[in-house]
Amino acid sequence: MKAHRQYVREQVRRDPRFAKDLEKARAEVRLAVMIARLREERGWSQRDLARMTGMKQPQIARIEKGERIPTLATLWRLADALDARMEIGPHKHLEVRAA
């Protein structure tokens, strides 16, 4: 049985679409992890963040799980509540950090 990383490397070499989809998924996961990390650093629950943004807790949970990609308006609400700076740039550059 092939190791997972080996399988992924082979697929990336064989299929440009797979490589593109993989990079998109990685960016989405990075965003979800960064939002959750900032929330946790502040000692807030998902419910706390939801209350501060006017969202519902399940919406926050879906964003943090990477199940839902937030709109730009939602990113602004999250950044404001978290007192965070979000940078989105070319080549899948994404960074979320405390302001």
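Here is a quick look at helix α2 and the salt bridges around it in this predicted model.

Start with α2 itself. The helix runs over residues 16–41, 26 in total, and spans 37 Å from its first C-alpha to its last, close to the 38 Å expected at 1.5 Å a residue. At its start, D15 puts a side-chain oxygen within 3.0 Å of the backbone nitrogen of R17. After the helix comes G43, with a positive phi near 75°. Buried residues in α2 include A27, L31, A32 and M34, and further along I35, A36, L38 and R39.

Now for the charged pairs. The model has seven salt bridges, and three of them are set out here.

| Pair | Closest N to O distance |
|---|---|
| R14 and E10 | 3.7 Å |
| E41 and R37 | 3.3 Å |
| E64 and R39 | 2.6 Å |

Two of these stay within a helix. R14 and E10 sit four residues apart in α1 (residues 4–14), about one turn; R14 is exposed at 59% relative accessible area, while E10 is buried at 11%. E41 and R37 are likewise four residues apart, about one turn, in α2, and R37 is partly exposed at 36%.

What about E64 and R39? These two meet in a salt bridge. E64 belongs to α4 (residues 57–65) and R39 to α2, so their pairing ties together parts 25 residues apart in sequence. Both ends are buried: E64 has a relative accessible area of 13%, and R39 has 7%. Through shared partners, salt bridges also link R39, E40 and E64 into one network.

Note on methods:
Residues are numbered from 1 along each chain as its sequence is written. This is a predicted model: local features need pLDDT of at least 70, side-chain atom pairs count only at pLDDT 80 or more; totals for chains, interfaces and linings use all residues. Side-chain values use heavy atoms; hydrogens and water are left out. Helices (H or I, at least four residues) and strands (E, at least two) are DSSP runs, numbered from the N terminus. The expected span of a helix is 1.5 Å times one less than its number of residues. Buried means under 20% relative accessible area, exposed over 50%, partly exposed in between (1.4 Å probe, protein chains only). A polar contact is a pair of N or O atoms within 3.5 Å; within protein, one must be able to donate a hydrogen and the other to accept it, and residues adjacent in sequence count only if both atoms are side-chain atoms. A salt bridge is a side-chain nitrogen of Lys or Arg within 4 Å of a carboxyl oxygen of Asp or Glu.
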